[in-house]
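Subject: A structure for you to look through

Hi,

Here is the structure I said I would pass on. Have it open while you read, and my notes on what turned up follow underneath.

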Amino acid sequence: MRPESNDAIFAEIAEERRIMADTLATLTTEQWDTQSLCDAWTVRDVAAHLVMPLVTPLWKFGLTMARYRGNFDRANQHITRRTRIEHGDNLPELLAAKAHSTFTPPGKGPLAPLADILVHGQDIRRPLNLAYVIPEHRQVAVLDFLTGYSGDTPFSKPIDSVRWQATDLAWSQGDGPVVEGPAVSLMLILTGRGCALADTTGPGTEVLARQMSGQG
């Protein structure tokens, strides 16, 4: 069942952050330096990104946005890099200590940071072959959010030319050629991780492959 209040969602986020912090605390130097699913980011960079909004005052992010003339991606990369440099040895401890932060990106509700911790958790775990089963109700909440069916502002632009069908839980959305696959893989595709297309089947997979390669 999807969390029904903001307080319940923030409690889910806090638990996921603590779980991620416990995982990070076990990593070797080689694992920290492994390429994540995010372009140009190692596992350590992704961990720094997860910690960044928890330790960065909003005014500082605003100044950085101004420095980069409103370019969110460049500002995000800059502050993430600073967080990695300043806190690189203490990222697991900081993530756990600040797990209950209720920060949300401007204009978005608490489902945005829930999506953030779940998707970036996969950015870290998949390249390291670390198994983790996300509770089904969290997967459903985030999939609804990413496809714009949650009533909240979508975290990503929905791809509305296909029908999404999870094969490991009861969830589907959209119209068009069917894309079937594990819920986590659908989450990754919806947030631009094309590598997860290999986990899917159905006529919609080819449609998505063309879209994500810029040909469709």
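Before we get to who touches whom: contact here means heavy atoms within 4.5 Å. Keep in mind too that this is a predicted model.

Start with helix α3, residues 43-55, and helix α7. Which residues meet where these two come together? From α3 you have V43, V46, A47, H49 and L50, and from α7 there are D116, I117, H120, D123, I124 and L128. Sorted by class, that contact has seven nonpolar, two polar and two charged residues. The two axes are 10 Å apart, and the helices pack at an angle of about 165°. Angles over 145 degrees count as roughly antiparallel, so α3 and α7 are roughly antiparallel to each other. The crossing of α3 past α7 is left-handed.

Now stay with α7 for a moment. This helix covers residues 111-128, which makes 18 residues. From its first C-alpha to its last it reaches 26 Å, close to the 26 Å you would expect at 1.5 Å a residue. Is α7 mostly covered or mostly open? Mostly covered: 16 of its 18 residues are buried.

Right after α7 comes N129, in the loop between α7 and α8. Have a look at its backbone: phi is positive, about 55°, although N129 is not a glycine. That is worth a second glance because most residues other than glycine have a negative phi. N129 has a relative accessible area of 70%, so it is exposed.

A40 is another residue to check. It sits in the loop between α2 (29-32) and α3. Phi of A40 is near 70°, again a positive value in a residue other than glycine. Buried or exposed, then? With a relative accessible area of 70%, A40 is exposed.

Next, go to helix α8 (residues 136-146) and helix α9 (residues 183-190). Their axes come within 10 Å and cross at roughly 30°. Angles under 35 degrees count as roughly parallel, so α8 and α9 are roughly parallel to each other. As with the earlier pair, this is a left-handed crossing, α8 passing α9. What makes the contact? On the α8 side it is Q139, V142, L143 and L146, and on the α9 side A183, V184, L186, M187 and L190. By class, you will find eight nonpolar residues, one polar and no charged ones there.

While you are in α8, click on F145, which lies in that helix. Its relative accessible area is 0%, so F145 is buried. If you want to try the distance tool, go from F145 to A47: they are 98 residues apart in sequence and 23 Å apart in space, C-alpha to C-alpha.

Last stop: T80, in helix α5 (residues 72-87). Why does T80 count as buried? Because its relative accessibility is 1%, and buried means under 20%. Leaving out residues up to four places away in sequence, T80 touches W41, D45, A48, H49 and M52. You have already met H49, since it is one of the α3 residues that meet α7.

That's the tour. Write back if you get stuck anywhere.

Cheers

Technical notes: Residues are numbered from 1 along each chain as its sequence is written. This is a predicted model: local features need pLDDT of at least 70, side-chain atom pairs count only at pLDDT 80 or more; totals for chains, interfaces and linings use all residues. Side-chain values use heavy atoms; hydrogens and water are left out. Axes are lines fitted to C-alpha atoms, for helices over the stretch in contact, and angles run from 0 to 180 degrees between N-to-C directions. Helices (H or I, at least four residues) and strands (E, at least two) are DSSP runs, numbered from the N terminus. Angles under 35 degrees count as roughly parallel, over 145 as roughly antiparallel, 65 to 115 as roughly perpendicular and the rest as oblique. A crossing is left-handed if the near helix is turned anticlockwise from the far one by less than a right angle, and right-handed if clockwise. Ala, Val, Leu, Ile, Met, Phe, Trp, Tyr, Cys and Pro count as nonpolar, Asp, Glu, Lys and Arg as charged, and the others, Gly among them, as polar. The expected span of a helix is 1.5 Å times one less than its number of residues. Buried means under 20% relative accessible area, exposed over 50%, partly exposed in between (1.4 Å probe, protein chains only).
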